[in-house]
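Hi,

Here is the structure I said I'd pass on. Have a look at it first, and then read on for what turned up.

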Amino acid sequence: MLRKILIANRGEIALRIIRTCREMGIATVAVYSDADVNSLHVRYADEAVHIGPSQSRKSYLNADKIITAAKEKGAEAIHPGYGFLSENEKFARVCQENHFIFIGPSPETIALAGNKSEARKTIGGLGIPVIPGSADVIRSPEEAVSLVNKLGYPVIIKAAGGGGGRGMRIANNEEELLHGLKVASGESRVAFGNPDLYIESYIHNPRHIEIQILADQHNHYVHLGERECSIQKRHQKLIEESPSPFVDKELREKMCEAALRIARAIQYKSAGTIEFLVDDKRNFYFMEVNSRIQVEHPVTEMVTGVDIIREQILIASGEQLEMTQDEIRQNGWSMECRINAEDPEDNFAPSPGVVEGLILPGGPGIRVDTHIYDSWEISPFYDSLIGKIIVWGRNREMAVCRMQRALREFKIEGVKMTIPFHERVLRDGNFVAGHFNTNYINGFNGINS
Amino acid sequence: MSGKVYKVTAPLAGTFYEAPSPEDAPFVEVGQKVKTGDVLCIVESMKVFTEIRAERGGTVVNVLVEDEDSVKKEQVLIEIEMT
């Protein structure tokens with residue numbers, strides 16, 4: 001079993017990982033930038049190393065500094081969290097070369113998952129439907145135009161280097177395509193240190209449904225059921241739940257079976273997510289493999305009772321999974337609202353600033369994963385996600401009522417949060433009835449109505 | 001130098017970028033004429049890029065921040081002498 005892990009991340013996910021490490025008796029090393037000197041992950045970890053200026057590129061994306069910190073503190077393994085270097089094949093390789101265990105799949109698997117065209121080819125070869133798109137990353141605007149002239153508009157431009165909605169744009173015509181390529185490339189460079197983009201046909205009004213899988217190094221593969229992630233704005237998930245109100249037993253079985261086949265085909269060894277788009281006729285299309293822990297993993301933990309970070313660490317240690325497929329049950333309903341420092345009344349504009357008057361919700365069935373506290377400064381240098389409210393209920397109706405209560409209890413001043421938006425969605429008849437797709441927010445009258 | 005100066009400020013705290021990408025030339029330089037709607041710079045906050053556009057036409061007389069500087073909300077970034 002691993003004895004010391006360096007967490008190459010910040011914010012709520014760094015805390016989340018530290019918490020499980022503590023439960024497992026594993027020592028932790030935090031890394032932090034100038035902006036994070038007073039961060040909770042620094043306080044919670046057993047040791048902490050300063051790795052540079054606030055800009056991610058100079059700190060959390062700087063592999064050399066992270067490797068140096070791991071050597072200095074004698075860590076055995078590096079947990080990349082999500083975002084930053086988590087889906088960076090080179091970083092996983094550098095960890096290996098320096099004799100650190102990278103807590104995630106192999107560099108080869110990350111490379112295959114990250115190379116969307118290769119992944120599409122491999123998975124299409126399994127007989128699983130895939131979305132048509134560019135064969136490789138886009139090399140020039142001219143190439144993009146000629147490709148899309150063949151595919152047909154609308155298309156979606158995506159970052160080759162990562163997910164989370166960063167570097168993603170829909171284009172309905174050539175003008176939007178050219179502008180989208182430029183903006184998306186800039187966003188990708190900053191978010192993932194990689195400006196590469198690829199293009200896919202855009203499927204109308206789909207649902208985004210993903211399958212959580214776990215795979216150890218002893219050829220055991222299990223799935224933990226689906227997550228429904230269709231409530232998104234600008235392709236960033238805002239509300240997730242498990243199970244999905246749209247998925248019946250038959251569809252679940254088919255999707256989970258496909259996800260496991262994909263995981264085996266790419267020799268996936270860790271916790272991972274297979275993302276699908278599902279149309280209104282319940283046809284599903286492979287979208288991508290997320291070769292990391294995901295923001296929304298807690299909804300799966302709530303309904304299955306499985307600590308996904310723990311399993312990730314056990315797998316990386318060479319242990320076997322702690323459960324078989326037969327032992328995994330989806331019990332009740334879980335829902336997560338992402339709390340972002342964004343102003344829902346101003347088109348979700350970023351709202352960095354100092355937290356004041358913070359009161360977190362609590363009571364039965366409520367879990368809050370956050371790194372903020374009173375007087376903490378939410379920095380403009382990082383993602384706007386500052387926390388997650390996760391609830392559990394025996395059924396969806398109970399989960400909705402609990403989330404309504406949790407949102408009402410959450411108090412914060414000094415910065416704008418997505419909470420008023422969530423309150424409106426949780427009261428909306430279509431959402432409550434489970435009638436929505438990824439365009440829900442575009443048709444939603446928003447906060448002002 | 002007789003026209004009124006219009007100050008372009010950061011709409012939110014973040015990082016100032018003078019060009020669309022490190023390989024590109026800056027959007028504007030001192031002495032350059034701009035018209036309403038031209039992109040002057042980018043401010044990145046929480047990984048969101050906001051293009052700052054000229055609300056008035058004129059001549060750029062001052063760029064007060066360096067590429068990749070951290071800027072505060074409402075901080076003056078660029079001065080334009082209106083025509």
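Let's start with one residue, Met287(A), which sits in strand β13 (residues 284–290) of chain A. Keep in mind that this is a predicted model. Met287(A) has a relative accessible area of 10%, so it counts as buried. What does Met287(A) touch, leaving aside its neighbours within four places in sequence? The list is Ile131(A), Lys158(A), Glu200(A), His208(A), Glu275(A), Phe276(A) and Leu277(A). Take Ile131(A) from that list: it is 156 residues away from Met287(A) in sequence, yet the two C-alpha atoms are 6.7 Å apart in space.

Now zoom out to the whole chain. Chain A is built with 15 helices and 22 strands. Its radius of gyration is 21 Å, close to the 22 Å that the globule rule gives for 449 residues, so chain A is as compact as a globular protein of that length. If you want a feel for the dimensions, the C-alpha atoms fill a box of roughly 55 × 50 × 45 Å along the principal axes. Buried residues account for 61% of the 449 in chain A. Of the contacts with a separation of 6 or more, 66% are between residues 24 or more positions apart.

On to the charged side chains. As you know, side chains of opposite charge can pair when their charged atoms come close. The count of salt bridges over all chains is 42, and a few of them are worth pulling up on screen.

Asp36(A) pairs with Arg10(A), with 2.7 Å between the closest N and O atoms. Asp36(A) is in the loop between β2 (27–33) and α2 (40–44), while Arg10(A) is in the loop between β1 (4–7) and α1 (11–24), so this salt bridge ties together parts of chain A that are 26 residues apart in sequence. Are these two buried or exposed? Both Asp36(A) and Arg10(A) are buried.

Glu89(A) and Arg93(A) also form a salt bridge, at 2.9 Å from N to O. They are 4 residues apart in helix α4 (residues 89–97) of chain A, so about one helical turn separates them. Glu89(A) is partly exposed, at 28% relative accessibility, and Arg93(A) is partly exposed at 28% too.

Arg367(A) and Asp369(A) make another salt bridge, 2.9 Å from N to O. Here Arg367(A) is buried at 18% relative accessible area, and Asp369(A) is buried at 6%.

There is also a network of salt bridges that links Glu210(A), Arg227(A), Lys237(A), Glu240(A), Glu275(A), Glu296(A) and Arg338(A). You have met Glu275(A) already, among the contacts of Met287(A).

Last, the empty space. How many cavities of 30 Å³ or more does the structure hold? There is 1, and the largest cavity has about 50 Å³ of space. Its lining is made up of Arg10(A), His371(A), Trp376(A), Glu377(A), Ile378(A), Ser379(A), Tyr382(A), Asp383(A), Leu385(A) and Ile386(A). Strands β20 (377–378) and β21 (385–393) of chain A are the elements that give two or more residues to that lining. By type, the lining residues split into 5 nonpolar, 2 polar and 3 charged. Arg10(A) turns up again here in the lining, having already appeared as the salt-bridge partner of Asp36(A).

Cheers

Conventions. Residues numbered from 1 in each chain as written. Chains lettered and ligands numbered in written order. Predicted model: local features only at pLDDT ≥ 70, side-chain atom pairs only at ≥ 80, totals over all residues. Heavy atoms only, no water. Salt bridge = Lys/Arg side-chain N within 4 Å of Asp/Glu carboxyl O. Buried < 20%, exposed > 50% of the residue type's maximum accessible area, 1.4 Å probe, protein only. 1 Å grid on protein atoms, 1.4 Å probe; cavity = no way out; pocket = protein on both sides within 12 Å on 5 of 7 lines; lining within 4 Å. Points joined across faces, edges and corners; volume = space filled by probe spheres on them. Nonpolar A, V, L, I, M, F, W, Y, C, P; charged D, E, K, R; others polar. Rg over C-alpha atoms; globule rule 2.2 N^0.38 Å. Contact = heavy atoms within 4.5 Å.
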